[in-house]
Amino acid sequence: MIAAEAGADVVMLDNFEPEQLKKDAKVFKEKFPHVTVEASGGITMETMPDYFSEDVDVISQGKLTQGYDCVDFSLKIVH
């Protein structure tokens, strides 16, 4: 709520169980209907339908960007 009151355009409800997410998203949207609500955290293709709600605008799946090797592209200068 603090982020929305400060002018945020998007809030992320992260790592919620589906039923709690739906309840909290509903309360949030009643107060801030103009703010985009994103559900995230532990959501899989199998569990995604559990998160569908008219009060949730975006559902993200972090697995798409996790679990891959990283390459260090930093520009460290050695003296």
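Three exercises with worked solutions follow.

The model is predicted: local features need pLDDT of at least 70, side-chain atom pairs count only at pLDDT 80 or more, and totals for chains, interfaces and linings use all residues. Residues are numbered from 1 along each chain as its sequence is written, and side-chain values use heavy atoms, with hydrogens and water left out.

**Exercise 1.** Find which elements give two or more residues to the largest nonpolar core.

Solution. A nonpolar core is a set of buried Ala, Val, Leu, Ile, Met, Phe, Trp, Tyr and Cys residues joined through side-chain atoms within 4.5 Å. Buried means under 20% relative accessible area, exposed over 50%, partly exposed in between (1.4 Å probe, protein chains only). The largest such core has 14 residues, and Leu21, Phe28, Val35 and Val37 have the most contacts inside it. Elements are DSSP runs numbered from the N terminus: helices (H or I, at least four residues) and strands (E, at least two). Those giving two or more residues are β1 (10–14), α2 (18–31), β2 (36–40) and α3 (48–51). The most come from α2, with three residues.

**Exercise 2.** Describe the surroundings of Phe28.

Solution. Contact means heavy atoms within 4.5 Å. Neighbours within four places in sequence aside, Phe28 touches Met1, Ala4, Val11, Val35 and Val37. Rings of Phe, Tyr and Trp (its six-membered ring) pair if their centres lie within 6.5 Å; planes under 30 degrees apart count as stacked, over 60 as edge-to-face and the rest as tilted. The structure holds one aromatic pair. Phe28 and Phe32 form this tilted pair, 5.1 Å centre to centre with 40° between the planes. Both Phe28 and Phe32 are buried.

**Exercise 3.** Is Asn15 buried or exposed?

Solution. Asn15 lies in the loop between β1 and α2. Asn15 is exposed, with a relative accessible area of 57%.
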